[in-house]
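Reader: I should be grateful for a close look at a single part of this model, namely the strand pairing and what lies around it. Please set it out as one connected account.

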Amino acid sequence: MVSIRKQAVLAVEGGTKTVTGGAPAWPISGAQEVKWMTEVVKSGKWSWLGQHERAFCEEYSRFIGSTYTVGLANGTVTLQCALQAVGVVPGDEVLVPGMTWCATAQAAMDIGANVVFVDIDPETLAIDPASIEKAITRRTKAIIPVHLYGCMCDMDAIMKIARKHKLKVVEDVAHQHGSQWKGKGAGAIGDAGSFSFQQSKVLTCGEGGAVTTNDVDVYKTVFALKQVGWAPKDPKKSWFDNLAPANRYGHNYRLNEMQAVLLRGGLSRLAAQTALREQRATQFRKGLEAIGGPLRVARRDPRITRQAYYALTCYYDPAKSGGVNKHAFAHALAAEGCSMGGPYWPVYRTPLLNLYDRTSPIPFRDLKKMQDYKHLKLPNTERCVEETCLLLGHAHLLGRAAYINQLLAAVRKVSDNLPAVKRAWEKKSKK
Ligand SMILES: Cc1ncc(COP(=O)(O)O)c(C=O)c1O
């Protein structure tokens, strides 16, 4: 790699931008989907338990290593249905990490559960097992480990706690289709897994979701909840021949045939894309280590045997930053052509939920039994947002090795010029 050390003028101060390439466009589609889509359009069979939906569910189960997959409308109703299927009822407490997309918490709230937020690991942003243990009460019913961005949760520790306290585990795998813990697929380790196929995800059909499980009762209940109360008596047989009322208050959360076609196409490329992203992540990790600046890739647990990346999670170390905050660093990096974003808000502070106010749109419940969201401050959750977490989106990891080297050159240039980064940030802040 060409070294840009010394006197390089940062792009943010009018110098030349380092990165000339760009991340590949996302989403990606292929000729197979176009062919299938045309056939679906002409067939008139557009929805309602079609052949592509069935085929996708079987293919996805094989990919994840779960016995069953149910396709649903998005990755929020998947969580609602999975929580209900494992037995969560109104008033139960569900443990959710303070750092996740708001839908993880909303799904539990919408079925009447009390969400108790717990803290995360400061580097990987995965839910912290020690904080889980501390939060358990006699009302606790379930844990939602969220495999967030580019690091899996410690599933050994979480399953051990769950067994000890007889809790259910619903994995939120919206970010990590295909991650594996000791060879077992995320989504097939707990009682159920919940996936989102929204446009930005590594497996997508625009909008959509799936629940995976190894438990036939969970499978049938999720099926009934998305299929207006009907579920197959024998999951192995044709859905049509053996649907029966399941005595559940089901809705229409169906996936349609066009979505299933896009998912089947995406799934056929996913293993190869994941392998490429892993290679590029390793290249980025090693490159950052060689630079030795404030930015590093979050540690990878050796028990993770395959890591899928919604984003590459990086740790910005304030102790090595010469007083430059991560926002200033990211601002200078973006000017060089390397865009790294920050994580979500702490969920309990998301303005959308406005959790601690009477005007909150969530169904209002017994304040005495709810966690005091207004005064809640989970230190690692807060700190990763304000100080330490930067993320590189997954499409970058599909770029060529030379492109990753350009991104690294940008990081090196910025890391080597921290006083100038600070100057530029102060100038911007004064405007
Ligand atoms: C961690 C997490 N869980 C759940 C969801 C909800 O998925 P959907 O948007 O498909 O409802 C998302 C969406 O981004 C997410 O990031």
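Author: In this predicted model, strand β2, which spans residues 93-97, pairs with strand β4, residues 140-143, in the parallel sense. The pairing of β2 and β4 runs over 3 bridges. At one of the positions concerned, Leu95 has Ile143 of β4 as its bridge partner.

Strand β4 also pairs with strand β5, residues 168-172, and here too the sense is parallel, over 2 bridges. Ala142 finds its bridge partner in β5, at Lys168. Between β4 and β5 the chain passes through helix α6, residues 155-165, and the resulting β-α-β crossover is right-handed.

The wider setting is the division of the chain into two parts. Domain 1 covers 31-264, while domain 2 is made up of 271-341 together with 349-430. Their C-alpha centres are 26 Å apart. Across the boundary, 31 residues of domain 1 are in contact with 38 residues of domain 2.

On the side of domain 1 that touches domain 2, at least two residues each come from α4 (102-110), β3 (114-118) and β6 (180-181). Strand β3 provides the largest share of that side, with 3 residues. As to chemical character, the residues of domain 1 that form this side comprise 13 nonpolar, 11 polar and 7 charged ones.

Terms used: Residues are numbered from 1 along each chain as its sequence is written. This is a predicted model: local features need pLDDT of at least 70, side-chain atom pairs count only at pLDDT 80 or more; totals for chains, interfaces and linings use all residues. Two strands pair if DSSP finds at least two bridges between them. Helices (H or I, at least four residues) and strands (E, at least two) are DSSP runs, numbered from the N terminus. A crossover is right-handed if, with the strands pointing away from the viewer, the path from the first strand over the helix to the second runs clockwise. Domain bounds come from an automatic or database domain assignment. Two residues are in contact if their C-beta atoms, placed from the backbone, lie within 7 Å. Ala, Val, Leu, Ile, Met, Phe, Trp, Tyr, Cys and Pro count as nonpolar, Asp, Glu, Lys and Arg as charged, and the others, Gly among them, as polar.
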